[in-house]
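Dear colleague,

I am passing on the structure we spoke about, with the sequence and the coordinates together. Please look through it at your own pace before reading my notes below.

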Amino acid sequence: MVTISAQELKGELAGGRAGLIDSALAGTLDSQGLRSAMTELYDLVLGRLATRAGIVPGSGYALCAFGGLGRREMLPYSDLDLVLLYDGGRAANLQETADALWYPLWDSGLSIDHSVRTPEQCLTLAAEDPKVALSMLELRHIAGDPALYEKAASGARTAWRKVVHSKLDDLVDQIAARRQRSGAIAHRTEPDLKYGEGGLRDAQILDALAEANVANEAIAVIPDAPGRSAREARKLLLDVRTCLHLVGGKSRDILHAQFAEDVARLLHYDDRFALARDLSNASRTIAFATDLGVRTARGAIPRRGLAALRRAPARRPLAEGVVEQGGEVVLARGARPERDDSLLLRVATASARHGIPISAGTLRRLADGAPSLRDESSPVYLDNLVSLLGTGELAIGVIETLDRSGLWDRILPEWAAVRDLPSRSAMHVFTVDRHQVEVVAEATRLATEVSRPDLLLICALIHDIGKGRQRDHSVLGAELAAVICARLGMPARDAERVVKVVRHHLLLAKTAASRDASDPATAEEILTHLGTRDRVTFELLVALTEADSRATGPGVWTPWKAHVHSTLAATCVPYVDNVAPAPPELTPADGPSVTANIRITEGAYATRYVLEAEVDGGTGGLADVLLVLAARGIEVVRAQTLRVEQGEAGEIHRVLADISTLFGTPSDPALVAQDLRALSSSTVRSRLHSKVDRRQQEAWTAAGARPRVWFEHDIGEAGGSESRSGLLRVRSADRPGLLAELIGACRAAGVEVEWSRAETFGEFIADTLYVSGISDAPGGTERLVDAVRAMLPSPPPEAEENR
């Protein structure tokens, strides 16, 4: 047996590698060419070494590579991953052969991961450990007996296809743990190219699922999707990691800041920020493709045993045209994306509310057929967008899915300019597009601090939409906000508020850092800059400033900053306009005055209707009307109610409401009236309450915002004593039947609701009830407020602590 000296081996590898590295640094060899040349160099040297060690065809030995060399992606300073296969029945002089192979490699100073096994031993280990199984899929023959290699490689592929269904849960757990340790490449200043979320390990998972024929990277290639395919994204990550080896002079996985500019230069980027943007895009594409691939793999795995005898998963309705099947959101059989402008947003909202991913097939159908938002769309589009944003943190992943599928641009085409745009501030954790979505999540926690949570969520979504151009992003953002609001069909007054907030979203933060927050002159200066004293606009600005700061990164929203911000807001409040809500002007409903006169007509769009009702107070009045509506699955979106005294004839309650249904048309008004008349039966009343309870248990409720309840006494009542009437103001997350519960709580407290105005904004309500008859005993209003607050949805204790 002829051996090769360590010095000779080291000289060959060092000389060849140095020449290739010099060529790459000089720009005469690109990253992919360098990897190919490095692979050929190692193949050549290892082939010679193996031959001299007697590892030749028919010897009973085979030298194989996995890892980077196995994939033909050898980087300048990567480890060598090698396995010496031997035939237990034919191989002779195993120790001598192994020593002749490994000692020269050890003595040359190369970093190698090596093992000596039979093909059967390899397959046994692969069956036990998913990491080994994935490595075996990359096995490549270098020298020796090809039959041994083929036995191990084909056996590994066959075994993987058989066991992937049992290994998938372990694989998912490993992915989650690795991502948790290494973070997301897109949102790390110094990303881990190999182990981070969207990194090369994720790409390896995607290849392995495709090898098992349970998924394919093509599932991520959706028409008009932004950026690269998963394969192109993988190549960029490899190119960056290759250049990182070149400029770092050794094996590296983390792109540290000191190397970023040199890596960008080698890859012909203008600067490290341009590289970071492409890297973000590539990693998010891979992460999305991997997650979609895993879900597709779960669906592709055949059912076995008793499961194969069961029926296919049932289709559970989630929204109009949207159902759940097999743990994924899919389109109902009659859904037509090309004819339904808001179907895309209903799918997204259902996915967020129920925590169920959108299926790959549904994404494809939407990509093929869902239209882009037309100019001046109907209110349904804005309402559905607000509902999606109102799901808060749950919306982040859904919006990412829409974005990577090319669907988010159909809702907000202006998004393309900020997609994957890195912030140039070290305080910002996220890219600009992701930061805006994070601000939306923070804004949902502040939704009860404002009277118009719908406008707050829109402001949060687009407040930095002007970034990425060569202009003041606040000025350009305001111009773009005007276009977006018009396209969403937003009323002119609301659009003006959004535009002003986007234009001045940095005003409070800058002023708080440079002026006396408690000085009235500072308040006057702020309102002058803002250009309005409108209370709604000012509320939006205050809440957006906090949400923006909280979403920037850890440690940005400090107790000191919170104190200065609240002081500044409190200083400004006396100088903003305060318009008290007026009682509704409701005329009697058409038709005779009977126990329950109810009319339902078509509203602004499908699933939206107008309800007019006039009911005798003796039937239980307004609370009972709302109870029946809730029990029948009818949501009150907006309502005005009025209690009218009729002397000896008693009282009547008039209602004018916009109502909505998740599916189809609402109940026949005659059936609603029939239920009202039947409420004198305790059995019927109990049955309706049970229906509402079930709906509440099944429904999703926004849990991040603290409910707010307060009482505003009537102006002009005798000083020094508590007024017995006034405005009860309620802001809270919504849930089925909540308005009925509010009015019922007032009646239980012996308080009359004279009139009310109720508004629902996506997942939140802002209701005003004018009440009378409050106990004149000390603390009467406080007891009423406490009773109402106790019945409202509240965030869990851990969410409160995190704030």
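What follows is a short account of the domains, of one interface between them, and of the cavities.

Please keep in mind throughout that this is a predicted model. The domain assignment divides the chain into domain 1 (6–162), domain 2 (183–301), domain 3 (412–575) and domain 4 (595–791).

I looked in particular at domain 2 and domain 3, whose centres, taken over C-alpha atoms, are 33 Å apart, and whose contact involves 10 residues from domain 2 and 14 residues from domain 3. Between domain 2 and domain 3 an area of about 1000 Å² is buried, with carbon and sulfur atoms giving 47% of that area. On the side of domain 2, the residues H187, F273 and R277 supply 63% of the area that this domain buries against domain 3, which is more than any other three residues supply.

As for the polar side of this interface, 3 salt bridges are found across it, together with 9 residue pairs in polar contact. The residues of domain 2 that touch domain 3 comprise 4 nonpolar, 3 polar and 3 charged ones. You may also wish to look at the side chains of R284 and D420, which meet in a salt bridge with an N to O distance of 3.0 Å.

Turning to the interior, the structure holds 4 cavities of 30 Å³ or more, and the largest cavity has a volume of about 160 Å³. The lining of that largest cavity is made up of 18 residues, among which E635, V636, G737, L738 and L739 lie nearest its centre.

With best wishes

Terms used: Residues numbered from 1 in each chain as written. Predicted model: local features only at pLDDT ≥ 70, side-chain atom pairs only at ≥ 80, totals over all residues. Heavy atoms only, no water. Domains from an automatic or database assignment. Contact = heavy atoms within 4.5 Å. Buried area = accessible area lost by both parts, 1.4 Å probe. Salt bridge = Lys/Arg side-chain N within 4 Å of Asp/Glu carboxyl O. Polar contact = N/O pair within 3.5 Å; in protein donor to acceptor, adjacent residues only side chain to side chain. Nonpolar A, V, L, I, M, F, W, Y, C, P; charged D, E, K, R; others polar. 1 Å grid on protein atoms, 1.4 Å probe; cavity = no way out; pocket = protein on both sides within 12 Å on 5 of 7 lines; lining within 4 Å. Points joined across faces, edges and corners; volume = space filled by probe spheres on them.
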